[in-house]
Amino acid sequence: MTADEILAKLQASFPGLVKSEAPVKEYPTWTVPAESVRVVFERLRSKFSFDYLDVVTATDWSGPINPKGYPQSPAVAAGAAAAPSATAKDIFEVVYLVTALSTGMRLCLRCEIPRKEGASVPSLYGIFMAADWQEREVYDMFGIHFEGHPNLKRILTMETQQGYPLRKDYEHLPDKFD
Amino acid sequence: MTKETPTAIKADQMFINFGPQHPSTHGVLRIALTVEGEVVIKGDPDVGFLHRGMEKLFEARTYSQGLILTDRLDYISATHNNLGYCLAVEKLAGIQAPLRAQYIRVLASELNRIASHLVFFGTFAVDMGAFTPFLYAFREREMIMDLFEMLCGGRLLHSYVRVGGVSADLPAGWTEKCREFLKFFKPMLKDYDTLLSGNPIFRSRTGGVGVISADRAVSWGLSGPVLRASGVNYDVRKADPYCVYAKMNFTVPLGKNGDCFDRYYCRMLEMGQSVEIAFQCLDALAGAELTPGEVMAKGVSKMLKAPAGQAYAHMEASRGDLGFFAVSDGGLNPYRMHVRGPSFINVAILQEILVGCKIADVVAILGSLDIVLGEVDR
Amino acid sequence: MGIVLDNLSKIESLPGGGLALATSDSLINWARTSSVWPLTFGLACCAIEMMAAYASRFDFERMGVFPRPTPRQADVMFVAGTVSKKMADPIIRIYKQMPEPKFVIAMGGCANCGGPFYDSYAVVKGVDRIIPVDVYLPGCPPRPEALMYAVIKLQEKMRKMTVKGGLGATPLQAAGSRKLI
């Protein structure tokens, strides 16, 4: 079964699920609305044997990096952080990569959510255990909440960390070590 | 350090703080253990003690500057990280590395795989109380370090694989040295078996300990030898071949029980396969169809500008499925670079498999996962 | 005895040995320099080169450098790798657990000044911001030979120590830097 056939079957139940305009290279890429993330993955796992969750990550599309996010001025190439890029949008994009180990088919699913405090998507905890720490990492780095995750707390940074480092507007506040 | 005190601890239970400074945590991992006598009730891994904010730093570096950060992710197998990064950037920018460079990449990454598994072999044995294998493993590892030093000048962190190819062609006399080493190393694998694999103490400390079933391994997203020891046949080199792995003739060793011993033995068998692949690469490199010196794609500038888009490339590193998710907005820097560190995902399963094991087995289980904290914390 | 001391003078031969005179400084410093016991404590990449230094080819033990797994038995701490902010407090704690006199070798660019992570929000730019450092060893990572050279430099420093200087600390150490933490 090709990715398009799976998409057609899923679209019958989830009309919000569409093909992405700018796909991840060499991956069938779909955009999924936030509210149906969990059910779509449940269906993909149970009906289409997508049993291996590769990656959960996110991108902040709000524009170029903020040099204040670095304690010392970073080695940004000249002109890189100047003008806001044409791609700037006020959204977080949560990216999932999933594989069916039996067939070797790979999929990329994207979920665009408005960029605000307390932005949230449903957690995949329980469907894929691999989501456990990866979602905690995304929460740590972007402050995106995963509803239904039983242990959503910071994982890599300190508890005293201010702000979410991978957000483009992150500003580093000097602490006792700087 | 987290100052959490266990709240729901009963009178006959005890809280043990394992790490971050502990010789057998292989770096700076901390595990908060709750034990009842000898039995672990709860094990909660605490990571981030080596968090260096690399994904943020990638956004402030050009593509070629970012390469040196990848060395420091999984520092025991630096070439794999370089290769994974370059594959992602090349996919993003639409660059194709010359065939000769691809053979050299495969050769270098298999040598690095041997070096990495040797570190595992040595340190795992030390964890189990045997010191001698460490000395043997590092003796052979130094020979590989010498080979890398000839290649690129670096012992541990290579930055040999570059975007578009490799930094230089093989130096004169290198292939002979490499063959010499591989011929020396192949029989050594049998020696390791006699030294450690058959040792009754080692067998009883690793056999049946920390068993991971196949479906749990898949659900937790494990990869590499940890996944294959549970009998799941998933190796990126076979499942999604990159470089010239499709032309290579090798088998993927699989385990049956998914215990610590199988994880150990999978790696030992993998080293044998790496030797085979390295020989095939050396034969191909000696062939006439690959022009010497042609190891860099044409027109790859140091100030590389990738067109706007997203790409994900993954490869089989020593510890598993290493992936780089690169996003470009058309500028000089990656807009976003995410690293799927196999160690990060492999170590998460500790919270499940530590429950119910004996406290002495914690070291065995942790050692058999073979994590590198640089990649866990990034 | 196979001891070679700088200012040892043999004054009388006796049956089964001899009578020798030495200053307590040179005797203590001889003992101290020939048993530099480091803590088995690796942070990042440099720890692998540190392991290589203990292993077959380089054999650190012939210099009396023998790794100890607990800070209570260690004389010197090799800060081998990047010091993250999360790890800073444990490092200070480990340092405080070591008995005096204690020494620190900052191994590699990260421990010296932050190295390639100089602009990271999560990295302490040099371990000397949290604990006093005796020898700075550049490199990313330094080779095992370089680590040996750092230990030789540390031994040179140790030879200059006197019993009068408090717990064996050099005047500079006794004066200040230790109070920083």
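Start with chain A, which has three helices and seven strands. This is a predicted model. Trace chain A from the N terminus and the elements run α-β-β-α-β-β-β-β-α-β. Show the C-alpha trace of chain A alone: along its principal axes, it spans about 55 × 35 × 25 Å.

**Stop 1: two helices within chain B**

Select helix 4 (99-127) of chain B. Add helix 11, residues 260-286 of chain B. The axes of helix 4 and helix 11 are 9 Å apart, and the packing angle is about 155°. Angles over 145 degrees count as roughly antiparallel, so helix 4 and helix 11 of chain B are roughly antiparallel to each other. Now look at the handedness: helix 4 of chain B passes helix 11 of chain B in a left-handed crossing. Colour the contact residues of this pair by type. They divide into 19 nonpolar, two polar and five charged.

**Stop 2: from chain B to chain C**

Next, select helix 5 of chain B, residues 132-152, together with helix 2 of chain C, residues 45-54. Here the axes lie 10 Å apart and the angle is about 110°. An angle from 65 to 115 degrees counts as roughly perpendicular, so helix 5 of chain B and helix 2 of chain C are roughly perpendicular to each other. Helix 5 of chain B passes helix 2 of chain C in a left-handed crossing.

Which residues make the contact? Show these side chains:

- From helix 5 of chain B: F134(B), F138(B), R141(B) and E142(B).
- From helix 2 of chain C: I48(C), M51(C) and A52(C).

By type, the residues of this contact between helix 5 of chain B and helix 2 of chain C are five nonpolar, no polar and two charged.

**Stop 3: the second largest pocket**

Now turn on the pocket display. Rolling a probe the size of a water molecule over the atoms shows where empty space is left. The second largest pocket holds about 510 Å³ of space. Its lining has 19 residues. Centre the view on those closest to the pocket's centre: E26(A), L87(B), K91(B), P241(B) and Y242(B).

Which elements give two or more residues to the lining? In chain B, select helix 3 (78-93), helix 4 (99-127) and strand 6 (309-317). Helix 4 of chain B, from the pair with helix 11, thus returns here as one of the elements of the pocket lining.

Finish by colouring the lining of the second largest pocket by type. Nine residues are nonpolar, three polar and seven charged.

Terms used: Residues numbered from 1 in each chain as written. Chains lettered and ligands numbered in written order. Predicted model: local features only at pLDDT ≥ 70, side-chain atom pairs only at ≥ 80, totals over all residues. Heavy atoms only, no water. 1 Å grid on protein atoms, 1.4 Å probe; cavity = no way out; pocket = protein on both sides within 12 Å on 5 of 7 lines; lining within 4 Å. Points joined across faces, edges and corners; volume = space filled by probe spheres on them. Helix = DSSP H or I, 4+ residues; strand = E, 2+ residues; numbered from the N terminus. Nonpolar A, V, L, I, M, F, W, Y, C, P; charged D, E, K, R; others polar. Axes fitted to C-alpha atoms, helices over the stretch in contact; angles between N-to-C directions. Parallel < 35°, antiparallel > 145°, perpendicular 65-115°, else oblique. Left-handed = near helix turned anticlockwise from the far one by under 90°. Contact = heavy atoms within 4.5 Å.
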